[in-house]
Each structure stands twice: as structure tokens, then as C-alpha cells.
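User: I'd like to go through this model with you and ask how each label was earned. Could you take me through it step by step?

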Amino acid sequence: MTLGQAVRPSPGEWDAAVSALRGLPPGARVLLVCHVNPDGDALGSMLGFALGLRRFAPSLVIEATFPGPMVVPSPFDQLPGASMLVPANAVTLPDAMLVFDAASIERLGALAGILTSTPVGIVLDHHASNAGFGAINLIDPSAAATSVVAEGLLSRLGVALDPEIAECLYVALATDTGSFKHGSTTPAVHELAARLIATGIPVGDISRRLFDTRSYGAVRLFGVALARTALEPAGGLGLAWTYVTLDDLAEFDQPAGAVEALIDSVRCVAEADLACVVKPVGPGEWSVSLRSKGAVDVSRVAVGLGGGGHRFAAGFSASGTVEGVMASIRAALADRVILVDQG
């Protein structure tokens, strides 16, 4: 944190969130929501907090959801608390709504209208591009994962960690730090991981499930996608990119979530600072992942294209063709100040 930079969240914001949740009457309905196409941090933070909130106030009626079809991608379908998930089209206006890991309100899809109407709206996030779209905003860009913010609120509510809560938060923390390999892995991250592990969670099993398990069909699909990887100059920085189609998923009988980890293989290209994977959501609809090794602030690119994220990991949604999506990325790279501020 630089001199004069405000601490986020502020003590007042923490106090407001705690007071709002403590003020909920018995039987109040609480809806927890994360972003479309949820990843490990989104689901882990949301379900971990849901379990903690149930421990905090057993009388509350708690539901969790995310935009789109209620399909939880593997390996996150084994997370504790999954029984609280309900389809997005089945939810009604709650007494309170908490949003996890969504950099902008657009990432909530049709659920955004509920947030603007609910009496209590709290946003928990760690994306620097998040301008704060809740009535109460707990946004910490210095946090390695939204699970750090979620654990901070649980702690302030007096909720002790148990193995179920800890497993969810550990999955969130491990996935968003790339198994503790990213530059966001600070001493505080390891300290939190240690406290989560101390509850007795099976770290070896969790890590194998997250990082070292892939179906035979997914392995073959990765081979096809990696074989079509292209390398472009991108202003001398190097851009490695590939794509997956709906036909590819059908050929290898894979769900859309099977390619979430593909970006990690593409970003290994030594000649490229930038990596990109274009993934299918529906006919002519795409989810785009961007990564940088350090020279480029991809969050600026993503924000300009309607998405968000971090300096070195970001994404956005797009419509049209793969060629059109890549043309928009090339234009954004050419038109924007994308070099990371080294000052």
C-alpha cells in the first residue's frame, strides 16, 4: 500500500456489514450470489460464508446461487454447502443479499435487479476494478482472493472455522493464487492457509482434486486446443492464444467448465507475456480469460471490453465469432495504456 492510500475496506464498512447481518430478524431470508461461470474463489467464498452464516444464525433461511444454469463445474461440485444452491430462476426478493467475487454488477446477469431492490446489499470482492455497486462494499484489492474478505467478515461476526467452512475457503484461496504460485501469495496468505489447514481438512486430497485430476476426454480436448495455439507479436510483448468451440466440447463429451484450467497451459509459452483463451458459453457467446506475466495490466483491457479482474488475471464476456473477439482484444491492446505502472 502506498503512502496516503486508503485502507479498504474501512473500519466503518466492516462495522456496517456486521451490524446489518446482526440486525436480521429470526427467519429472515438471505441470498448469497457469485458471478456467472463461477470459479473456485467465487463458489468457495460464497459457500464457505453460507456455512459460517448458518452457524452464526441458525434461524436464517439461507440460499446460494449464480447466474445461468445451475451446473457446478468439477471439481467444485464436491464443495461442502452445495446443498444450499438453488437455481437462479427460483429465487425471490430476500431480506439481505451478499455478492461474492463479482467485479461489476453486470457479472450478476438477471440477478442484478435483486441486489438493487433488496433491503440489505453487501458486496465482498478483491478486484481492483470493482467500483462498489452494493449498499455496503467490502472490497480489498490487496487480498489474494475473495475468500480472504469472506473470512475477515466471518471472524468479525465471531464465527469459528470448522473443517467444512475451511475446505471451501481453502479451495477459493488455493485456486485464486494458482496453488500459491502467483505473486499475490504473501505471508498473510500462508498464515490464513495454515489456520484453514489446522481445522483438519484433507489438503492432499483437495489439491489432487483441484489441480491433478482431469478426465480422459478433457485431456484429449486440451490437446486439440493447445495444438491450435497461435503466437502473435502484440507490440513486442507476445500474445499466445487459443479457443474451444461447442463442437469441441460435444466431440469429447465435456462440460464448458472442463476448459477453465486451459489458460494455465497457454500462459506457459515462453515467448509471450500475454495469454488468452476464448471459451464457449452458447452459440456465438464466449467467455474470455486473459493472463499476463507482468508487463501488461490485463484488467484495463478487460474493463474496456465490459469485464474486469486483476492486473495479471482478468476476463470478459463477448458475442460474435472467435475472430471478432480476438480483433477486439488486439484493438484494446493497441489503443490503451496497458503497461503496468512500475512506480
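Analyst: Happily; this is a predicted model, and we can go from the exposure of single residues to the sheet, the core and a pocket.

User: Why is N37 called partly exposed?

Analyst: N37 has a relative accessible area of 32%. Buried means under 20% and exposed means over 50%, so N37 falls in between and counts as partly exposed. N37 sits in the loop between β1 (29–34) and α2 (40–56).

User: What makes the phi of N37 worth a remark?

Analyst: Most residues other than glycine have a negative phi. N37 is not a glycine, yet its phi is positive, about 50°.

User: Which loop holds A234, and what is its phi?

Analyst: A234 is in the loop between β6 and β7, and its phi, near 50°, is positive in a residue other than glycine. Its relative accessibility is 26%; that is neither under 20% nor over 50%, so A234 is partly exposed too.

User: Where is the cis peptide bond that involves P75, and what is its omega?

Analyst: The cis bond joins S74 and P75, with omega about 10°. P75 belongs to the loop between β2 (61–65) and β3 (96–100).

User: Why are β6 and β10 said to stand at the edges of the sheet?

Analyst: The open sheet has six strands in the order β6-β7-β8-β9-β11-β10, with mixed pairing. β6 (230–232) and β10 (308–309) each have a single partner strand, so one side of each lacks a neighbour in the sheet.

User: How do you know that β7 and β8 pair?

Analyst: Pairing needs at least two bridges, and five bridges join β7 (residues 239–243) to β8, so the two strands pair. They run parallel, and C276 in β8 is the bridge partner of W241.

User: What makes F100 a contact of L32 and F49?

Analyst: Contact means heavy atoms within 4.5 Å, and L32 and F49 are among the residues that F100 touches by that rule, along with L124 and A150. L32, F49, F100 and L124 are also among the residues with the most contacts inside the largest nonpolar core, which has 59 residues. A second, separate core of 21 residues includes L290, V301, F316 and L333.

User: How many residues line the second largest pocket, and of which classes?

Analyst: There are 20 lining residues: 13 nonpolar, five polar and two charged. N37 returns here, as one of those nearest the centre. Strand β8 (residues 274–282) gives the most to the lining, three residues, and the pocket holds about 450 Å³ of space.

Conventions
Residues numbered from 1 in each chain as written. Predicted model: local features only at pLDDT ≥ 70, side-chain atom pairs only at ≥ 80, totals over all residues. Heavy atoms only, no water. Core = buried A, V, L, I, M, F, W, Y, C linked by side-chain atoms within 4.5 Å. Buried < 20%, exposed > 50% of the residue type's maximum accessible area, 1.4 Å probe, protein only. 1 Å grid on protein atoms, 1.4 Å probe; cavity = no way out; pocket = protein on both sides within 12 Å on 5 of 7 lines; lining within 4 Å. Points joined across faces, edges and corners; volume = space filled by probe spheres on them. Helix = DSSP H or I, 4+ residues; strand = E, 2+ residues; numbered from the N terminus. Nonpolar A, V, L, I, M, F, W, Y, C, P; charged D, E, K, R; others polar. Lists of a residue's contacts leave out its neighbours within four places in sequence.
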